[in-house]
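The following exercises concern a single protein model. Each consists of a task and a solution that proceeds step by step.

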Amino acid sequence: MAHILIAYVLWLVGGTWGLHHFYLGRDRQAFIWWATFGGCFGLGWFRDLWRIPEYIFAANRDKGYMREFEHKRIYYSTPPFNVVRFCGELILGWSFGVLVRLCVPEEHAYEGIGWLICVTVPPLATALGVHVVANEKPCRASFYWPLVGALCGIPWLIYDSGSIHYSSILAAIFVNWKGVQWNPEDGEEIPLREAIPNFFNSPAWAEMKESLKQLYKFYQVHGFERLWEEFVEKLDPAGEAHAYKVLNIKENATEKQIKTSYRKLVKEWHPDKHTDPTKKAEAQEKFMEIQRAYEILSKIQSKRMKMNTRDRRKEEDYDQKGRKKRMKDEF
C-alpha cells in the first residue's frame, strides 16, 4: 500500500531523479525523469506536485480509479492524444539520437563508415527514446511504429547528419497515429479538475493530515534526528514490514510462528494444486512472494541473533575485565 506522505517526501528530496516514481512502481517514468533531469529540466518534477495523488490511486488500485479507467477504455478504443506525452517522446527521442551522434568524431562524420553510422544508428536510438515514453502507464506501444517513423527521417540525415529532430518528430507522430494501445494492467489518468476535489475528499487526504499531525507531535517530543530515523524505518528498505504482511503475522512474531504461517501458506498456494492456467500463474506468483518473504525474515532474524550474541559477549568481556580490575585494586 503506497503512502502519500512518503511519496511527497521522496518527491521533495529526490524527485529530480524519480525516487517517488520508483516508490510508486513507475520505473519507466523514473528512468525518464533521471535521463532528462527531472522530466525536461524540472518541468515534470514540478507537474508531479499535483499528479502524485493520482499516482497513489493507481499504485493502490483504488476501486474508484479503476472504475474510471474501465469507463474511459470503453469510451476510447485507443488512448486519446496527450500533448505532454507527445512532447516527452520528442525530447527523449531527440536526446537519445544526439547522444549516439556525438559518439562519432566530427572528422569522421562526413565520409566512409562514420557517415554511415551517423545516418543509420541515430534513428534507432531516437525510436528507442520515443518507445520508452510511449509505453509509460497506462499506454502500451510496439517498437515497430516509432522505428518506421524514425527511419523516414533518414533523407534529412543524408543531407545533414545533425538533423535528428526530423526522425524524432516522425517517430512520435507515427507511434501516436498507429502504435499506442491501452495497457490492460494499468489505470487511466483522471483529469486534474476531477482529481483535486476527489483527492481532498478521499481517505488518502484524511490519512495524510492525520499523519502530519502525528509527525509534528513526534518531532516536538523526540526531535528531528529521531523523526528521520522513524521515517527511514517506515520506508521498510529491508522489506521486513511487507514480509510480515505477506505471511499474515504480527511484527513481534516468534520464529516458530513465522515457520508455521509459512508452511501453511506454501501448502495453500502451491501451483500444483491448480489446473487452470490463469489460477496456476497467480498461485505461482503468490508462492514465490511467500518464499521471498520467508527468506527475508529468516535472514533478518539470523542477523539479529548474531548481533545479540556479539553484544552479550562484549558485555561479558566488559564485566570480566571489570572484575579483574576490582580484584587487582583490592590486592
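**Exercise 1. A salt bridge within one helix**

Task: Determine whether Glu54 counts as buried or exposed, and characterise the salt bridge in which Glu54 takes part.

Solution.
Step 1. Glu54 has a relative accessibility of 4%, and the limit for a buried residue is under 20%, so Glu54 counts as buried. The model examined here and in the other exercises is a predicted one.
Step 2. The partner of Glu54 is Arg51, and their closest N and O atoms are 3.2 Å apart. This lies within the 4 Å required of a salt bridge.
Step 3. Arg51 has a relative accessible area of 6% and is buried.
Step 4. Helix α5 (residues 43-59) contains both Arg51 and Glu54, which are 3 residues apart, about one turn of the helix.

**Exercise 2. A second pair within a helix**

Task: Describe the salt bridge between Glu255 and Lys259 and state how accessible Glu255 is.

Solution.
Step 1. The closest N and O atoms of Glu255 and Lys259 are 3.7 Å apart.
Step 2. Both residues belong to helix α16 (residues 255-268), with a spacing of 4 residues, about one turn of the helix.
Step 3. Glu255, with a relative accessible area of 40%, is partly exposed. Lys259 is partly exposed as well, at 31% relative accessibility.

**Exercise 3. A salt bridge between distant parts of the sequence**

Task: Find which parts of the chain are tied together by the pair Arg26 and Glu136, and give the number of salt bridges in the model.

Solution.
Step 1. As general background, side chains of opposite charge can pair when their charged atoms come close.
Step 2. Arg26 and Glu136 form a salt bridge in which the closest N and O atoms are 3.2 Å apart.
Step 3. Arg26 is in the loop between α2 (19-23) and α3 (27-35), while Glu136 is in the loop between α8 (112-134) and β1 (139-141), so the pair ties together parts that are 110 residues apart in sequence.
Step 4. Arg26 and Glu136 are both buried.
Step 5. The model has 4 salt bridges under the criterion used.

**Exercise 4. Packing of α8 against two helices**

Task: Establish how α8 is oriented relative to α9 and relative to α3, and identify the residues in contact.

Solution.
Step 1. The axes of α8 and helix α9 (residues 144-151) come within 8 Å and cross at roughly 140°. Angles over 145 degrees would count as roughly antiparallel and those from 65 to 115 as roughly perpendicular, so α8 and α9 are oblique to each other.
Step 2. The crossing of α8 with α9 is right-handed. On the α8 side the contact involves Pro123, Leu124, Ala127, Val130 and His131, and on the α9 side Pro146, Leu147, Ala150 and Leu151. By class, these residues comprise 8 nonpolar, 1 polar and no charged.
Step 3. For α3 and α8, the axes come within 9 Å and cross at roughly 130°. This angle makes α3 oblique to α8.
Step 4. From α3, Arg28, Phe31 and Ile32 meet His131, Val132 and Val133 of α8. The contact of α3 with α8 includes 4 nonpolar, 1 polar and 1 charged residues.

**Exercise 5. Positive phi values and a local contact**

Task: Locate Phe37 and Asn248, give their phi angles, and list the contacts of Thr16 beyond its neighbours within four places in sequence.

Solution.
Step 1. In general, most residues other than glycine have a negative phi.
Step 2. Phe37, which is not a glycine, has a positive phi of about 55°. Phe37 lies in helix α4 (residues 37-41) and counts as exposed at 56% relative accessibility.
Step 3. Asn248 also has a positive phi, near 60°. Asn248 is in the loop between α15 (240-246) and α16, and its relative accessibility of 67% makes it exposed.
Step 4. Thr16 lies in the loop between α1 (4-14) and α2 and is partly exposed at 30% relative accessibility. Beyond neighbours within four places in sequence, Thr16 is in contact with Trp33, Trp34, Phe37, Gly38 and Trp45.
Step 5. The C-alpha atoms of Thr16 and Phe37 are separated by 5.8 Å, and the two residues are 21 residues apart along the chain.

Notes:
Residues numbered from 1 in each chain as written. Predicted model: local features only at pLDDT ≥ 70, side-chain atom pairs only at ≥ 80, totals over all residues. Heavy atoms only, no water. Salt bridge = Lys/Arg side-chain N within 4 Å of Asp/Glu carboxyl O. Buried < 20%, exposed > 50% of the residue type's maximum accessible area, 1.4 Å probe, protein only. Axes fitted to C-alpha atoms, helices over the stretch in contact; angles between N-to-C directions. Parallel < 35°, antiparallel > 145°, perpendicular 65-115°, else oblique. Left-handed = near helix turned anticlockwise from the far one by under 90°. Contact = heavy atoms within 4.5 Å. Nonpolar A, V, L, I, M, F, W, Y, C, P; charged D, E, K, R; others polar.
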